[in-house]
Each structure stands twice: as structure tokens, then as C-alpha cells.
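Some questions on a protein chain follow, each with a short reasoned answer. The sequence and coordinates come first.

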Amino acid sequence: KNLLSSSFNLDHSPRFFRIYLTVHTSLLGFRNHPHSAATTDNFFSILVSTSNSVMEVKLEQKDAADWSYRGEGAANIVLAYTGSSPSFIGKVMRITKKARNGSSPKCDSNQSVLTEEERLLWRNVEELVTSPTKEIAEQIYTQLVMSPLLGSKHVDAGIRVPVTRDFLECVEKNVNKQRPAWRIDVSVVDLERDFVIIMSDHSLFPGGVLKDEPCISVEIKPKCGFIPSSEFIAERNSVKRSATRFQMHQVLKLREQEISELSEYDPLDLFSGSKERIHKAIKDLYTTPQNNFRVFLNGSLIFGGLGGGIKRTNAVAGKAFEDALEGIILAENGLRTTSFIQLVAEAVYCSRVLDGLLEVQRLDNFDIEGAIHAYYNIVCQPCAVCQQLDEARPPHRCSSLHSIHMDESLKIAKDYLIAATAKDCSLMISFRPMKDGAFGSPHVYLQSTNQSFNYKVNFIDLDLKPLKKMVDYYELDKKILNCFTQMLEMEHKDGNARTMDKTVVSVELLCSKCRKKVMKLIATIEGITSIVLDPSKNTVTVIGEADPVKIICKVRKFRKSAAITSIGPPKEEKKDDPYKKDVMKDTKGMVIPYTPKTCQRCDVWYVVNDDFYSYCTIM
């Protein structure tokens, strides 16, 4: 009775709660329930998070050494606990970041962190409306908005723990040694915060790492699992109805050098409900993980990147991962990775957890092209999107959205932001080999190794999206579409036959070996007429029908910093005297007849303009 009464003191340690719940499970009717341990842990999380309590323990500078870098997203850095305190074993910490040159918002317990329009948007969630800080707002948003939609057993809102400024400064100093350089350039730990969020480490089972019970977990960023069909998508953007957002965004990321090659992963496969297509999706994620696929063993990263991701799984990374699976996946050497991919695919298929995620994503009924108009209704500003349209054209279909009731606009915007959270979240699936005769949490059977595994599924990174972010989403959408449309136009220029294009690539050509390597990589692409290297300008000029995207992908396998500087039609060559063809000059200015050889592989002429030599080198 005391446990469930409102007068019960919630300011005890979480460890006391866990012990109390375990001893008194009979009061709740699940002493002999097969999921008793998991239920106790889940009930503990719900009880503490519902109270919005803050742990009495305050983390100080001496505690910073017990937290190690796990990864980070756009808004938070995630740390894993490596110490021995029972209160934090099996937990992770989320620390808020801020822009390197940005300022921290002031915290006022009597003032909401939400804007006036956002308070109107979330007026039905009183605790969210009155939240004094962003962290509290996100915690309540996860608990009261996303958890009911995705299922409370798959969502952990966490609890708040006070920290000192010295603790945050020491943590920042420690984690900067492991953070990706590009992350450090744009963001820092927000030292003005008074607390952090502590939640369960979903790369482990409850209770942390147990002896002789290894836990292997996979983190997946599913992305958007459907193709939009909104009537508010403009005809010029009809490509949205046939290509996934992930596929189109990959092309933009490639152009902006965020990635070095396109991912093979297709979110539609993962969300398909087909066991074969789900298996293909997991295999493709393993092949080109980028920052969308990571694996942990007992809470430690064994595959994937720390925040920056990896472009493609090479032989070295594959061998290291294969070795790390030894003793967990009981397959022969060389087959453990294949069996692990089957295990993950089986868990995704059996859990059906992505069905619920897809349902939440589909709350975006209007697409950003329609939802952006609801945004301008809410903020009571002239619609910047409508102003950009040609006034001479007849009224567009989205104009009707400016005559709807305010409540409808609020619902459109709210549903869109909730869907955006679902599209950006991550999925954590943890596995633990089952002992003979053991029963408990859901399990899957791996036929290739005759093993059974307990597994649990959790959603993480369920961040609250600011209302003003809708403008950024709209601008990004335009940018993605423009880039993808340009690529399609180049591919389908003049029907199915491509015209001759001149693609100039900027790449460091430091020595003869560099030049040969770049030449050989580009030579494997079909449709090339000529390749010209200019070491003095560090450029490669490629003429032919080859896709520029394929060209830059090949070059970036050798030089990640390579970039396309221009694409356009080649200039017509001047007709020279037939007698002067196939000649070159020596160092004294004498003209020497010379017949260039053609490459037997693809019948291409190669010309290298090299300042170090006084003659042309034919590859």
C-alpha cells in the first residue's frame, strides 16, 4: 500500500526501489511471472519517471572518470557507466550539447521553455507546457507522448540527476579525445546545465553484465519506412512518390561530402514485413553502415563508428567483427557474421515492433509541403512558401490550407513533429544466449547454429522537435529534391541515351602512384571517352557518358576529400592540321611523331599533363 500510495516518499535511491519491488512482487501479482525481472525493471522505470523525481545523489568531478563516451546525436552526447555504484550499473547518461558559439538558455522554474505557439500546440499535455528546461520537456515528451504511441515496454524516459559544473567540464575534457573531429568543431557540452538524464543502457539486459552471460546488441536507425502520397506534393516533386527519402538524401550527402559512397540500404525492405527483405536490409546495413548500424558487446562498441560512422565494411573490419562474435554465435569461422545477420533479421521479423513505428511515422499525412502551410497559420505570419510561387499561375492546391480552422492547423503540425521524431529515432535490439530450460523474455531461434536467444527491443533518441524546425525541414526537403532531380536529369538526358559530359574532379595528385591509382579507378567506369589529369591544378577531367556520381564515388575510394568542381558539356575541339596529329614536342621544341596506345580494358585514351615531365604519359 505504501509503495503505491501518493504519500510514499519518492526521493529514495533507485536501488532501494528495485530491492523493494523484487521482495514485494507478490503485492503486484507477478511473483512467479516468467517476466518478473523484466517487469520489475520496467515498473521501476515507469514509477520513477512518472514522479519526475530527481535523484538525491549529485555527480561531482570525482565521478567523471566512471563515464565513457558511447556516441552522440545532434542534441546530446551519450555516456556509458563503467564504475561500480549499484545505482548506475547498466545505465547511460545523456548530456545536452550546444553550438560552439551558442549561448545556454536561462532556466526559470516559473517559465516554460516552450514558445507561445508550442504551448498552444501541446496544450493537452500540461506537464510538457510548464517544463522549465529543454531536458525536462524532452523527458516528459518521451514519457507522455511517444511512450503511449510506441509501447511503454519499448520506451524509457529516464530520470534526472543533478551534476556540478566541475563534473561537466571534466566529462567534456575526457570525451573530446573520442569524439569525431567534425562534431567537436560544431558543438560543445553545455556547462550551464544543472542535471543530466540517466536511463537504462539498452545495449545490456537489466542488471548490467552478468558472469557467463554475454549480451550483444545492435543499434539501427530505420529512417522513414514509407513513400508519401500526399495530395499536397507539387507535380514538379512527383519523384517523392517513387523514391524513398533516404535514397534521395544520400545523393545530397554524397555531393556535400558527408559520405563517400551511396548506401545500399533501403528502409522499405526493413519495414516490409517480409522475412527475406528484412534480411536483405540488415545485410545492406552491415555492408554500408555509415552511422545507421552499430553493434555492442557487453556495452562496448565492436562494430560501427563513434558518432561519425564508417562508409563500407572492408575485409579488416569484417574479420575483426567475425572474431568478436566467437563464443556467442556458435558457427564455424567465416560464418558467424552471416548467422548474426540472420539473428537480427529474425528478431525484427518476430517482434513486429516496426509495425508500430511505421504507424507513428504515417501520422505525417500532409508531407512537409502541406504541413509548412499549417505552420505559418500557427505563427500568424504571411506564408513564405506561397509568396515564392509565381503570382501569374492559378491558385495552388495548398492555398486551401490557409482557410482551415486553427485546431486543424495545430493537429497537422503536431502530427508532423511526432512523425519526425519517429523517423529520426534509433532501434536497440539486445540478445543474450538462453540457457537450457530457461524461460523469460521473448526469444528467437537461430537455426543455423541451433541456438536460442532472449531478446529485448527499445526505442531511443525520441527527441522533441521544435515547432520552428518545420521551416528547416522544408528548406532541406527542397535541397534534397533539387539535388536528386538534377541527378535524374543527367541520367535521362535526351531520352535513354546520355550525351557527352565533362566532369572536373578536384583531388590531390601528390605523386605518380597517386595519379596511376586515380586513373585505374576511373577507368573501371563504363561510358568514358577520355581522362585528363592535371597535377599542377590537382584536377581530373573526365569526358564521356559516365554518371558523375559514379565518377566521384570511385575517386573517393582513394581520396575521401575529392569533390566535383564542375559538370557541363565539353568544348568542341579545334580541327588541327592532319599532319600535326599524333605528335608531341620534346624539351628542345622538336616535333616527334607519336601514336598513342589505347587501353585494352576499355579502349580509352589517357593523357597525363605533368609538370615534372616534358612529355605525355600514356597509360
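Q: In what order do the six strands of the open sheet lie?
A: The model is a predicted one. In its open sheet of six strands the pairing is antiparallel. From one strand to the next, the twist averages 30°. The order is β9-β8-β7-β10-β12-β11.

Q: Which strands stand at the edges of this sheet?
A: An edge strand has a single partner, so one of its sides is left without a neighbour in the sheet. Two strands fit that description, one spanning 300-303 and the other 443-446. They are β9 and β11.

Q: Which residue of β9 is the bridge partner of L297?
A: Strand β8 covers residues 293-297 and runs antiparallel to β9. Three bridges join β8 to β9. The partner of L297 in β9 is S300.

Q: Is S112 buried or exposed?
A: S112 sits in the loop between β3 (91-99) and α4 (116-121). Buried means a relative accessibility under 20%. The value for S112 is 18%, so the residue counts as buried.

Q: Which residue's backbone oxygen does the side chain of S112 reach at 2.5 Å?
A: Leaving aside neighbours within four places in sequence, S112 is in contact with R119, V129, T130 and S131. A polar atom of the S112 side chain also lies 3.1 Å from the backbone nitrogen of L114. The backbone oxygen reached at 2.5 Å is that of V129.

Q: How wide an arc around the axis of α14 do its buried residues cover?
A: Helix α14 spans residues 353-361, and its buried residues are V353, L354, L357, L358, V360 and Q361. Their arc puts them on the same side of α14. The arc is only 160°.

Q: Which strands are among the elements that cover the buried residues of α14?
A: The cover includes helices as well as strands. Among the helices are α6 (134-150), α10 (267-270), α13 (336-351) and α17 (406-424). The strands included are β10 (426-433) and β12 (451-460).

Q: Over which residues does pLDDT stay under 50?
A: The chain averages a pLDDT of 81, and 77% of the residues score at least 70. Where pLDDT is low, the predicted coordinates should not be read in detail. That caution applies to two stretches, for which the model has 67 and 61 contacts beyond four places in sequence, respectively. The stretches are residues 1-53 and residues 578-619.

Methods: Residues are numbered from 1 along each chain as its sequence is written. This is a predicted model: local features need pLDDT of at least 70, side-chain atom pairs count only at pLDDT 80 or more; totals for chains, interfaces and linings use all residues. Side-chain values use heavy atoms; hydrogens and water are left out. Two strands pair if DSSP finds at least two bridges between them. Helices (H or I, at least four residues) and strands (E, at least two) are DSSP runs, numbered from the N terminus. Axes are lines fitted to C-alpha atoms, for helices over the stretch in contact, and angles run from 0 to 180 degrees between N-to-C directions. Buried means under 20% relative accessible area, exposed over 50%, partly exposed in between (1.4 Å probe, protein chains only). A polar contact is a pair of N or O atoms within 3.5 Å; within protein, one must be able to donate a hydrogen and the other to accept it, and residues adjacent in sequence count only if both atoms are side-chain atoms. Contact means heavy atoms within 4.5 Å. The arc is that of the directions from the helix axis to the C-beta atoms. pLDDT is the predictor's confidence in each residue, from 0 to 100.
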